[in-house]
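Me: Please take a close look at one part of this model for me. Start from the charged side chains and work outward to what surrounds them.

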Amino acid sequence: MTATRTVRIGSSHGLHARPAKLFAQAAKDSRLAVTIAKDSGKPVNAASILGVISLAIEYGDYVTLTADGDGAEGVLDTLTELLTTDHDQDAAG
């Protein structure tokens, strides 16, 4: 089963090192093939922190997530929550 979702980035400083690490680790932990693409760009492996950072994703950007395998919708639910949360706000508190 393949699931796809488009998400707007919620972290006020975009998907820099800390939120990118959280996101990539969650993608890796899912044990599914997950990709992330910015706008209509080329998808990269979502479990690769370097791949995710290389997309230069900023606050308000739209990304497309794709997960392939059993439980793909649940994985995208988790990853969507990570991307829409403002992790920079959490760090400031």
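**Salt bridges and their surroundings**

Reply: Lys38 is partly exposed, because its relative accessible area is 21% and the cut-off for buried is under 20%. Keep in mind that this is a predicted model. Lys38 pairs with Asp61 in a salt bridge, and their closest N and O atoms are 3.4 Å apart. Asp61 sits in the loop between helix H2 (49–54) and S4, while Lys38 sits in strand S2, so the pair ties together parts 23 residues apart in sequence. Asp61 falls on the other side of the cut-off: at 18% relative accessible area, Asp61 is buried.

The total is three salt bridges. Arg5, Glu73 and Asp77 form a network of them. Take Glu73 to begin with. Its side chain meets that of Arg5 at 2.7 Å, N to O. Glu73 belongs to helix H3 and Arg5 to strand S1, so this pair ties together parts 68 residues apart in sequence. Glu73 is partly exposed, with 36% relative accessibility.

Now Asp77. Arg5 forms a salt bridge with Asp77 too, again with 2.7 Å between the closest N and O atoms. This pair also links distant parts of the chain: Arg5 in strand S1 and Asp77 in helix H3 are 72 residues apart. Asp77 is partly exposed, at 42% relative accessible area.

Next, the sheet. Four strands make an open sheet, ordered S1-S4-S2-S3, with antiparallel pairing. Its edge strands are S1 (2–8) and S3 (44–45), and each of these pairs on one side only. S2 (residues 33–38) and S4 (residues 62–68) pair in the antiparallel sense over six bridges. Among the bridge partners are Val34 and Ala67, the latter in S4. Helix H3 packs on this sheet and touches S1, S2 and S4. The direction of H3 makes about 15 degrees with that of S1.

H3 has a helix partner as well. Helix H1 (residues 17–29) and H3 pack with their axes 10 Å apart, at an angle of about 180 degrees. That makes H1 roughly antiparallel to H3. H1 contributes Leu22, Phe23, Ala26 and Ala27 to the contact, and H3 contributes Leu79, Leu82 and Leu83. By class, this contact has seven nonpolar residues, no polar ones and no charged ones.

One more position in H3 (residues 72–84) is Gly74. Gly74 is partly exposed, at 39% relative accessible area. Gly74 and Ser30 are 44 residues apart in sequence, yet their C-alpha atoms are 9.5 Å apart in space.

Conventions:
Residues numbered from 1 in each chain as written. Predicted model: local features only at pLDDT ≥ 70, side-chain atom pairs only at ≥ 80, totals over all residues. Heavy atoms only, no water. Helix = DSSP H or I, 4+ residues; strand = E, 2+ residues; numbered from the N terminus. Buried < 20%, exposed > 50% of the residue type's maximum accessible area, 1.4 Å probe, protein only. Axes fitted to C-alpha atoms, helices over the stretch in contact; angles between N-to-C directions. Parallel < 35°, antiparallel > 145°, perpendicular 65-115°, else oblique. Contact = heavy atoms within 4.5 Å. Nonpolar A, V, L, I, M, F, W, Y, C, P; charged D, E, K, R; others polar. Pairing = 2+ DSSP bridges. Salt bridge = Lys/Arg side-chain N within 4 Å of Asp/Glu carboxyl O.
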